[in-house]
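Let's take a stroll through a protein model and look at how some of its pieces sit against each other. Keep the 3D view open while you read.

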Amino acid sequence: VQVLNTNRVYVPNIDFHDVSKMDREMGDFLHSILMTNGGSPGITQQPPSSSTGMMCSAKPTEVPALPHMVLSDSSKSMLSARGLDPVANERAIAKSLSHIDEWEWDIFQLDQLTGGLPLAILSRGVFDRHRLFARLGLEQDKWETYFNKIEASYRLANPYHNSRHAADVLQCINFFLTSGRLGIILTDIETLSLVIAAIVHDVDHPGRNNVFEMSTRSELAMIWNDHSVLENHHCATAYSLLLKDPSLLSSLTSSQKKELRETVINLVLATDMAQHFDLHGKFKAKVHSMGGIDLKDHRDRVMIMVMALKCDDIRNPARIQTQCKRWGELVTEEFFLQGDEEAKRGLPISAFMDRSKQDVPKSQISFIEFIVGPLFQSFSEVLPEVNVCMKQLEINLKMWKDLQKSSSPSSSPMSTSLTP
């Protein structure tokens, strides 16, 4: 963690159990979620540089206007099947989608309007927003069927890793593409790749993390040889559904299909938290290198896309306070369910997953200070519009610390700065 707060991304080891820097439970938690396959945090050795910058030679273009959303017949049928009024809800859904370029947008409202199935409708809305159907010759009705199949493959029983989470990540990606103006530097295929990756990045998530899958020698762990188990499964599930209908990609050339698959896989695998330090370190090294980020280079643009998806995947603490608290409660409940299962199997209960030791503020404070804050800070060097997220992070960090003080008056003070 200290390494990421400097440009010295080549220092080899971080002691996650050094209690002078963090308490034991937080050390155990970070070690578990950031554990590489070899069992230690991955720090990429890169030479430091004092020069910073981003080379931008891409032609800036205007972000297209937000189109008015009209529900398709299949979407109306879906609403009717869930006992909702398609006519009344179409207006409310269209109003909700008219604000998807805003960071303050509320996924919980769309979740309610769609009867708990927000991903398919938002996916269609984001495809429309970026003219992907028209620009790439994609068949809208076929893709809507695919969106529905992906949504159905998310496990609604999960408190956190369900289609609502995927929809929220997708909206955040849209925010970066539009309000953050990331979309003007990407090609159409790159935009399509980033949007699809957001939609599918946690599809068929079992509600348990990679460490649990490996510790229990689950079927998925055996299939993927303990390597980014869930992330590989998400990619395989998404492409298995995609390839069942060859017409979905029939308008793309062979090279476009190849690039799409490679990029989607690259992006989804990057959401494995075991890769966090490695990817964050490489990004910081690139930004602070002599040449900086070169927007003419596809590899550098993919690096930016990776950071965008990583930020959005852990965006909860940067959401407005009401959403931040709700997401915090949902992810904590999913943690507790894993802890319950670990206890049932006679396994050690993972840090912050013991229901008898509830401390949501503590886990959220640590997550913001050690993971979310530094990542968003680094990304803001390339995408300045991320500063709106940083401001909300500061507000939410104070909220969690106030809650911690009110529940544990004797708790030790922690630094409030998010700046590395």
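Before we start, one bit of vocabulary for helix pairs: a crossing is called right-handed if the near helix is turned clockwise from the far one by less than a right angle, and left-handed if anticlockwise. Also keep in mind that what you're looking at is a predicted model.

**The big picture**

The protein chain has 18 helices and two strands. Of its 420 residues, 56% are buried. Now take the contacts between residues at least 6 apart in sequence: 75% of these join residues at least 24 apart.

**Two helix pairs**

Back to that vocabulary. Where α9 passes α15, the crossing is right-handed. α9 covers residues 188-200 and α15 covers residues 298-313. The pair packs at an angle of about 25°, and the axes are 11 Å apart. Because of that angle, α9 is roughly parallel to α15. On the α9 side, the residues that meet the partner are E190, S193, L194, A197 and A198, while α15 brings H298, R301, M305 and L309. Sort the residues of this contact by type and you get five nonpolar, two polar and two charged.

Now find α5 (residues 118-129) and α7 (residues 140-153), which pack at an angle of about 145°. α5 also passes α7 in a right-handed crossing. From α5 come P118, L119, A120, S123, R124, F127 and D128, and they meet Q140, W143, E144, F147, N148, I150 and E151 in α7. This contact splits into seven nonpolar, three polar and four charged residues.

Here are the two pairs side by side:

| Helix pair | Angle | Axes apart |
|---|---|---|
| α9 and α15 | about 25° | 11 Å |
| α5 and α7 | about 145° | 8 Å |

**Two loop residues with positive phi**

Next, have a look at R217 in the loop between α10 (210-215) and α11 (219-223). R217 isn't a glycine, yet its phi is positive, at about 50°. Is R217 buried or exposed? Its relative accessibility is 65%, so R217 counts as exposed.

S228 sits in the loop between α11 and α12 (229-242). Phi is positive here too, near 40°, and again the residue is something other than glycine. With 5% relative accessibility, though, S228 counts as buried, because the cut-off for that is under 20%.

**A charged residue tucked away**

E90 lies in helix α3 (residues 86-97). Its relative accessibility is 18%, so E90 counts as buried. Which residues does E90 touch, leaving out those up to four places away in sequence? They are V70, L71 and K76. You can also check E90 against L79: the two are 11 residues apart along the chain, and their C-alpha atoms are separated by 9.3 Å.

**What about the cysteines?**

A disulfide is a covalent bond between the sulfur atoms of two cysteines. How many disulfides does the structure hold? Zero. Take C389, which is in no disulfide: its nearest cysteine sulfur belongs to C172 and is 7.5 Å away. A disulfide needs the two sulfur atoms within 2.5 Å, so that distance doesn't qualify. C389 has 0% relative accessibility and therefore counts as buried. C324 is buried as well, with a relative accessible area of 1%.

Definitions and conventions. Residues numbered from 1 in each chain as written. Predicted model: local features only at pLDDT ≥ 70, side-chain atom pairs only at ≥ 80, totals over all residues. Heavy atoms only, no water. Axes fitted to C-alpha atoms, helices over the stretch in contact; angles between N-to-C directions. Helix = DSSP H or I, 4+ residues; strand = E, 2+ residues; numbered from the N terminus. Parallel < 35°, antiparallel > 145°, perpendicular 65-115°, else oblique. Contact = heavy atoms within 4.5 Å. Nonpolar A, V, L, I, M, F, W, Y, C, P; charged D, E, K, R; others polar. Buried < 20%, exposed > 50% of the residue type's maximum accessible area, 1.4 Å probe, protein only.
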